[in-house]
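Reader: I'd like to go through this one label by label, and hear how each label was earned. Could you take me through it?

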Amino acid sequence: MADAHPGVRRQALRLSETFAGKDAALGAAVAAGAKDPDAAVRQQAAYTLGEWPGSEAGTALAALLQADTDRYIRAAAMSRTWTPRAA
(Lines give C-alpha, C1' and ligand atoms only; values in the text may rest on other atoms or scores of the structure.)
Protein backbone atom coordinates (compact mmCIF):
# COMPACT_ATOMS: atom_id res chain seq x y z
CA MET A 1 0.00 0.00 0.00
CA ALA A 2 3.05 2.23 0.03
CA ASP A 3 3.95 1.71 -3.63
CA ALA A 4 4.82 4.78 -5.69
CA HIS A 5 2.15 3.99 -8.30
CA PRO A 6 -1.43 4.91 -7.31
CA GLY A 7 -2.87 2.02 -9.33
CA VAL A 8 -0.92 -0.45 -7.20
CA ARG A 9 -2.12 1.25 -4.01
CA ARG A 10 -5.76 1.09 -5.23
CA GLN A 11 -5.46 -2.61 -6.02
CA ALA A 12 -3.84 -3.30 -2.63
CA LEU A 13 -6.81 -1.65 -0.95
CA ARG A 14 -9.22 -3.81 -2.95
CA LEU A 15 -7.32 -6.97 -2.06
CA SER A 16 -7.27 -6.06 1.64
CA GLU A 17 -11.05 -6.46 1.84
CA THR A 18 -10.52 -10.22 1.96
CA PHE A 19 -8.66 -9.78 5.25
CA ALA A 20 -11.06 -7.28 6.84
CA GLY A 21 -10.69 -7.31 10.59
CA LYS A 22 -7.96 -9.95 10.69
CA ASP A 23 -4.85 -7.77 10.98
CA ALA A 24 -4.58 -4.50 12.88
CA ALA A 25 -1.53 -3.27 10.95
CA LEU A 26 -3.30 -3.87 7.65
CA GLY A 27 -6.34 -2.03 9.00
CA ALA A 28 -4.15 0.95 9.85
CA ALA A 29 -2.74 0.93 6.32
CA VAL A 30 -6.26 0.88 4.88
CA ALA A 31 -7.24 3.82 7.09
CA ALA A 32 -4.14 5.69 5.92
CA GLY A 33 -5.40 5.30 2.34
CA ALA A 34 -8.09 7.85 3.19
CA LYS A 35 -5.32 10.48 3.30
CA ASP A 36 -3.58 9.42 0.08
CA PRO A 37 -2.59 12.27 -2.27
CA ASP A 38 -4.28 10.48 -5.21
CA ALA A 39 -8.06 10.98 -5.45
CA ALA A 40 -8.70 7.53 -6.95
CA VAL A 41 -6.86 5.91 -4.04
CA ARG A 42 -8.91 7.91 -1.54
CA GLN A 43 -12.09 6.83 -3.33
CA GLN A 44 -11.07 3.17 -3.15
CA ALA A 45 -10.14 3.65 0.51
CA ALA A 46 -13.68 4.88 1.14
CA TYR A 47 -15.12 1.75 -0.47
CA THR A 48 -12.69 -0.51 1.35
CA LEU A 49 -13.16 1.08 4.77
CA GLY A 50 -16.83 0.13 4.56
CA GLU A 51 -15.75 -3.51 4.61
CA TRP A 52 -13.49 -3.19 7.66
CA PRO A 53 -14.92 -3.65 11.15
CA GLY A 54 -14.06 -1.53 14.15
CA SER A 55 -14.14 2.08 15.15
CA GLU A 56 -10.90 2.94 13.32
CA ALA A 57 -12.65 2.41 9.98
CA GLY A 58 -15.55 4.62 11.02
CA THR A 59 -13.19 7.31 12.26
CA ALA A 60 -11.25 7.24 8.98
CA LEU A 61 -14.47 7.46 6.94
CA ALA A 62 -15.68 10.41 9.02
CA ALA A 63 -12.34 12.20 8.59
CA LEU A 64 -12.46 11.55 4.85
CA LEU A 65 -15.95 13.02 4.61
CA GLN A 66 -14.86 16.12 6.51
CA ALA A 67 -11.63 16.68 4.60
CA ASP A 68 -12.49 15.75 1.01
CA THR A 69 -14.82 17.83 -1.14
CA ASP A 70 -14.68 15.56 -4.21
CA ARG A 71 -18.26 14.47 -4.80
CA TYR A 72 -17.32 11.00 -6.01
CA ILE A 73 -15.18 10.32 -2.96
CA ARG A 74 -17.91 11.60 -0.67
CA ALA A 75 -20.46 9.40 -2.46
CA ALA A 76 -18.17 6.39 -2.05
CA ALA A 77 -17.80 7.09 1.66
CA MET A 78 -21.54 7.50 2.15
CA SER A 79 -22.45 4.47 0.03
CA ARG A 80 -21.02 2.07 2.55
CA THR A 81 -23.21 0.75 5.29
CA TRP A 82 -20.49 0.74 7.89
CA THR A 83 -21.50 -0.49 11.32
CA PRO A 84 -19.25 -0.57 14.38
CA ARG A 85 -19.04 -4.35 14.61
CA ALA A 86 -16.39 -6.15 16.64
CA ALA A 87 -13.10 -6.85 14.89
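Author: Sure. Keep in mind that the model is predicted. Let's begin with glycine 33, which has 8% relative accessibility and counts as buried.

Reader: Why is glycine 33 called buried?

Author: Buried means under 20% relative accessible area. Glycine 33 comes in at 8%, so the label fits. This glycine 33 is found in the loop between H2 and H3. Leaving aside neighbours within four places in sequence, glycine 33 is in contact with Val41, Arg42 and Ala45. Glycine 33 and alanine 60 are 27 residues apart in sequence, with 9.1 Å between their C-alpha atoms.

Reader: What makes proline 37 exposed?

Author: The cut-off for exposed is over 50%. Proline 37 has 75% relative accessibility, so it counts as exposed. Like the glycine, proline 37 is found in the loop between H2 and H3. The C-alpha atoms of proline 37 and proline 6 are separated by 9.0 Å, with their positions 31 residues apart along the chain.

Reader: How do you know that arginine 42 forms a salt bridge with aspartate 68?

Author: The rule asks for a side-chain nitrogen of Lys or Arg within 4 Å of a carboxyl oxygen of Asp or Glu. For arginine 42 and aspartate 68, the closest N and O atoms are 2.5 Å apart, so the pair passes. Arginine 42 lies in helix H3 and aspartate 68 in the loop between H4 and H5, so the salt bridge ties together parts that are 26 residues apart in sequence.

Reader: Are those two residues buried or exposed?

Author: Buried. Arginine 42 has a relative accessible area of 15%, and aspartate 68 has 8% relative accessibility. The cut-off is under 20%, so both values qualify. Leaving aside neighbours within four places in sequence, the contacts of arginine 42 include Gly33, Pro37, Leu64 and Ile73.

Reader: How many salt bridges does the rule give?

Author: The count comes to 2. Besides the pair above, the side chains of aspartate 36 and arginine 9 meet at 2.8 Å, N to O. That is within 4 Å, so the name salt bridge applies. Aspartate 36 is in the loop between H2 and H3, arginine 9 is in helix H1, and they are 27 residues apart. Both aspartate 36 and arginine 9 are buried.

Reader: Which other residues of helix H1 are buried?

Author: Along with Arg9, the buried residues of helix H1 (residues 6–16) are Gly7, Leu13 and Ser16. What covers the buried residues of H1 includes helix H2 (24–32) and helix H3 (39–49).

Reader: What describes the way H3 and H4 pack?

Author: H3 and H4 pack at an angle of about 145 degrees, with their axes 10 Å apart. H3 passes H4 in a left-handed crossing. On the H3 side you have Arg42, Ala46 and Leu49, which meet Ala57, Ala60, Leu61 and Leu64 in H4. The residues of this contact divide into 6 nonpolar, no polar and 1 charged.

Reader: Which residues touch the most other members of the largest nonpolar core?

Author: That core has 15 residues, and Leu13, Val30, Ala46, Leu49, Leu61, Leu64 and Ala77 touch the most other members. The elements that give two or more residues to this core are H3, helix H4 (55–67) and helix H5 (71–79). Alanine 77, leaving aside neighbours within four places in sequence, is in contact with Ala46, Leu61, Leu64 and Leu65.

Definitions and conventions: Residues numbered from 1 in each chain as written. Predicted model: local features only at pLDDT ≥ 70, side-chain atom pairs only at ≥ 80, totals over all residues. Heavy atoms only, no water. Buried < 20%, exposed > 50% of the residue type's maximum accessible area, 1.4 Å probe, protein only. Helix = DSSP H or I, 4+ residues; strand = E, 2+ residues; numbered from the N terminus. Contact = heavy atoms within 4.5 Å. Core = buried A, V, L, I, M, F, W, Y, C linked by side-chain atoms within 4.5 Å. Axes fitted to C-alpha atoms, helices over the stretch in contact; angles between N-to-C directions. Left-handed = near helix turned anticlockwise from the far one by under 90°. Nonpolar A, V, L, I, M, F, W, Y, C, P; charged D, E, K, R; others polar.
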